[in-house]
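Colleague: Please pick one part of this model and look at it closely. I would like to know how its charged side chains pair up and what surrounds its buried face.

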Amino acid sequence: MAELQQLRVQEAVDSMVKSLERENIRKMQGLMFRCSAACCEESQASMQQVHQCIEHCHAPLAQAQALVTSELEKFQDRLARCTMYCNDKAKDSIDAGSKELHVKRQLETCVTKCVDDHMNLIPTMTRKMKESLSSIGK
């Protein structure tokens, strides 16, 4: 993929992840630490009970992190499939005898379209993840 296109996607995804972290994940981390601290305050609890309590406190955050990771992997896979299609199309054009410059332009146009299409998916993906994250642990 062209470096400029890759940079566009990376910046958009980074911005989305920072937003999710600031608005959702960070609050969950605070809750997890306060919950875990409360577990440690239980003087009558056994070591195993405290450990189970702390694990219970960590579960929503782990679930949230797994959700974000899964969604990002799906997004990357879709984008990779799209760019692979562009590469296959370019290879087929070269095999059919098209000129290299024409194929290069065709490839750039195709990759740019992939990136544009996937950039347009980011707001919906962000909204969906925020909705899912806000329902975790409730």
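Modeller: Glu131 has a relative accessibility of 46% and therefore counts as partly exposed, since that value lies between the limits of 20% and 50%. This is a predicted model, and that applies to every value below. Arg127 also has a relative accessibility of 46%, so Arg127 is partly exposed too. The two residues are four places apart in helix α3, about one turn of the helix. In general, an α-helix has 3.6 residues a turn, so residues three or four places apart point the same way. Glu131 and Arg127 form a salt bridge, with 3.8 Å between their closest N and O atoms. That distance counts because the cut-off for a salt bridge is 4 Å.

A separate network, held together by salt bridges with shared partners, consists of Glu71, Lys74 and Lys128. Within it, Lys74 pairs with Glu71, the closest N and O atoms being 3.3 Å apart. Because Lys74 and Glu71 are three residues apart in helix α2 (residues 47–95), about one helical turn separates them. The two partners differ in burial: Glu71 has a relative accessible area of 10% and is buried, whereas Lys74 has 44% and is partly exposed.

The salt bridge between Glu23 and Lys130 has an N to O distance of 2.5 Å. It joins distant parts of the chain, as Glu23 belongs to helix α1 (residues 3–41) and Lys130 to helix α3 (residues 100–135), 107 residues away. Glu23 is partly exposed, at 37% relative accessible area. Lys130 is partly exposed as well, at 22% relative accessibility. The salt bridges of the model come to eight by this count, and the pairs described here are among them.

Next, the helix itself. Helix α3 has 36 residues. From its first C-alpha to its last, α3 reaches 52 Å, close to the 52 Å expected at 1.5 Å a residue. Helix α3 bends all the same, by about 30° at Ile122. A proline, Pro123, follows within four residues of that point.

Which residues of α3 are buried? They are Val103, Cys110, Val111, Cys114, Val115, His118, Ile122, Met125, Thr126, Met129 and Leu133. Ile122, where the helix bends, is thus one of the buried residues. The cover over the buried residues of α3 includes α1 and α2.

One residue of α2 shows this in detail. Cys82 is in helix α2, and beyond its neighbours up to four places away in sequence it touches Cys114 and His118. Both Cys114 and His118 are among the buried residues of α3. Cys82 also lies 9.8 Å from Asp117, C-alpha to C-alpha, with their positions 35 residues apart in sequence.

For the other covering helix, α1, Ser36 is a useful example. Its relative accessibility is 10%, so Ser36 counts as buried, the limit being 20%. Leaving aside residues up to four places away in sequence, Ser36 touches Ile54, Cys57 and His58.

How values were computed. Residues numbered from 1 in each chain as written. Predicted model: local features only at pLDDT ≥ 70, side-chain atom pairs only at ≥ 80, totals over all residues. Heavy atoms only, no water. Salt bridge = Lys/Arg side-chain N within 4 Å of Asp/Glu carboxyl O. Buried < 20%, exposed > 50% of the residue type's maximum accessible area, 1.4 Å probe, protein only. Expected span 1.5 Å × (residues − 1). Bend = angle between axes of the 7 residues up to and from the residue. Contact = heavy atoms within 4.5 Å.
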